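This report describes the internal spaces of a protein and one packing contact between two of its helices. Please consult the sequence and the structure shown here while reading.

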Amino acid sequence: MAVRADGRASRAVLRVCLATGFVTLLDSAILTVAAPALRSELGATTAQLQWILAGYSLTFGLALVPAGRLGDRLGRGGPLAVGLALFAAGSLVGATASDADVLVVARLLQGVGAGTANPQVIGLLQDHYAGSARARALGAYASTGAFAMVLSPLVGGGILSALGPAAGWRVAVGLAAPLGLAVAVVAQRVLRRGSGGAGRRTPPGGRVGGGFDAVGLVLVTLVTLGLLVPFVAEGPRAVVLPLSLGVLVAAVGALVVWEPRYARRGRTPVLAPALLRSPTYVLGCVVAAFSFGAALGYSAVLMLFLQDGTGLSPVQAGLVTTPGAVASVVAANLSWRLFRRFGRRGVTVAVGAKALVAAGTALAVAVAPTTTVVAALVVSQVLTGAVAGLTISPNQTLTLEGAPGTERGVAGAALQLVQRVAATVCIAAMTGTFVARAGGAAPGVLDAHRDGLVVVSAAVAALALVAWVASLLDERLDERLARPSTR
């Protein structure tokens, strides 16, 4: 049963949740600004840069489901604080890295920490809020993330401009350490008082299924790697592609067989069959995954384009993306009104608009005069931020409402898992495509980098189109279920 949305305990929990989301998203977005500096100062290869940017999302996603299950069984306070502590430790390791491989390992550790903390956030919001209050809470969570996206390029760019690339990237990476530890301490104090479900939690009327689905988690990892490796491997494509495809097909087949069998033993699988049997939940996950993956992949590429392609400084590059991030914050704060009035239809329209904006961006970058490309990107970012802000929390709310009540923590974790898997693949694929298209051109040579951004923008439009189809299918399904039977 949800706690009253206007209670003091719920407000304290909400503040902890917002702080957790802010810190983890701020760190991720800062690193995209620092990507050119990482490449030059650490001598990172394209594959290493892809791992630095995408590895965080990889381990973030893989930690989500077991951490969500742990929160369901033991309470959310402990895993939240431990996750934030790991996140801070990874930040310290990364800030002192001597080469690119060490930074890759640090980012993987940070991802584990963030992936342990964030499913507790979704679970806490569902435990303490319901209905339109939950939509507003998720909207506040989304707007906090958008606010982090506003600050991160400016903070990261300011640090790099003030300290220079050599010291600046280390400070930018290490900034998450004191912030993460501070939030961990506050979270422990708030949740220990009993306001956040820090004690053991079990579903109403029963105990949580025992055991830990280690086999399922390994299979999900193999599926993710099967999707990721073709974009980051440096070996011969004739060997890498068939091997990755074989691993992917085998892992998917084994996962389909294993998960129902594990559930029939009375255990709780990584991907609960009850979730997969809910069309609303599955289609909502498709919308979230394709939208989220495309957004993070494009964000990483845009920062590379603005600094390497147009020759802008990190601060100037941050200023280009800031209006779009502000638009996303404003839209996220209004999104609960869209949800209350239009439901799934509002999400469908917003996602369709995102596909049109991405297609328009590809066309504008391809044909715009050199002097107007940056201005066109500012307009594109504002439109993209607005439609994204209107989409995120309503889609999350509708998706999680399609999950069984006893699977709250895992439903939220699985939703974030598919988002992070999509982000991992999209970041690696889009950055790899952009760098390959640029062909090693010198910074400031716009035309050599323009082709890469056009291709990536077109890919974003295609991914948004898939998300639109999924949202439309869910809308039609809802209409069919709501239609009175004529029998």
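## Cavities, pocket and helix packing

At least two lining residues of the second largest cavity come from each of α1 (8-33), α3 (46-74), α11 and α15; helices here are DSSP runs (H or I, at least four residues), numbered from the N terminus. The model is predicted, with local features requiring pLDDT of at least 70 and side-chain atom pairs pLDDT 80 or more, while totals for chains, interfaces and linings use all residues. Residues are numbered from 1 along each chain as its sequence is written, and side-chain values use heavy atoms, with hydrogens and water left out.

The volume of the second largest cavity is about 160 Å³. It is lined by 15 residues, and S28, A29, T32, L296 and I427 are the closest to its centre. On a 1 Å grid over the protein atoms alone, a cavity is a set of points where a 1.4 Å probe fits but cannot get out; a pocket is an open set with protein on both sides within 12 Å along at least five of seven lines, and lining residues have an atom within 4 Å of a point. Points are joined across faces, edges and corners, and a volume is the space filled by probe spheres set on them. Three cavities of 30 Å³ or more are counted by this rule.

The largest cavity holds about 1,100 Å³ of space. Its lining comprises 49 residues, with M149, F292, A295, L296 and I392 nearest the centre. The greatest contribution to this lining, ten residues, comes from α11.

The largest pocket holds about 810 Å³. V223, L271, L276, V418 and V421 lie nearest its centre, among 28 lining residues. Helix α15 gives the most to the lining of the largest pocket, namely seven residues.

The linings divide by class as follows, where Ala, Val, Leu, Ile, Met, Phe, Trp, Tyr, Cys and Pro count as nonpolar, Asp, Glu, Lys and Arg as charged, and the others, Gly among them, as polar.

| Lining | Nonpolar | Polar | Charged |
|---|---|---|---|
| Largest pocket | 25 residues | one residue | two residues |
| Largest cavity | 25 residues | 22 residues | two residues |
| Second largest cavity | nine residues | four residues | two residues |

Helices α12 (residues 314-342) and α14 (residues 373-401) pack at an angle of about 30°, their axes 7 Å apart. Axes are lines fitted to C-alpha atoms over the stretch in contact, and angles run from 0 to 180 degrees between N-to-C directions. The two helices α12 and α14 are therefore roughly parallel (angles under 35 degrees). The contact of α12 with α14 involves 14 nonpolar, nine polar and one charged residue.

Conventions: Parallel < 35°, antiparallel > 145°, perpendicular 65-115°, else oblique.
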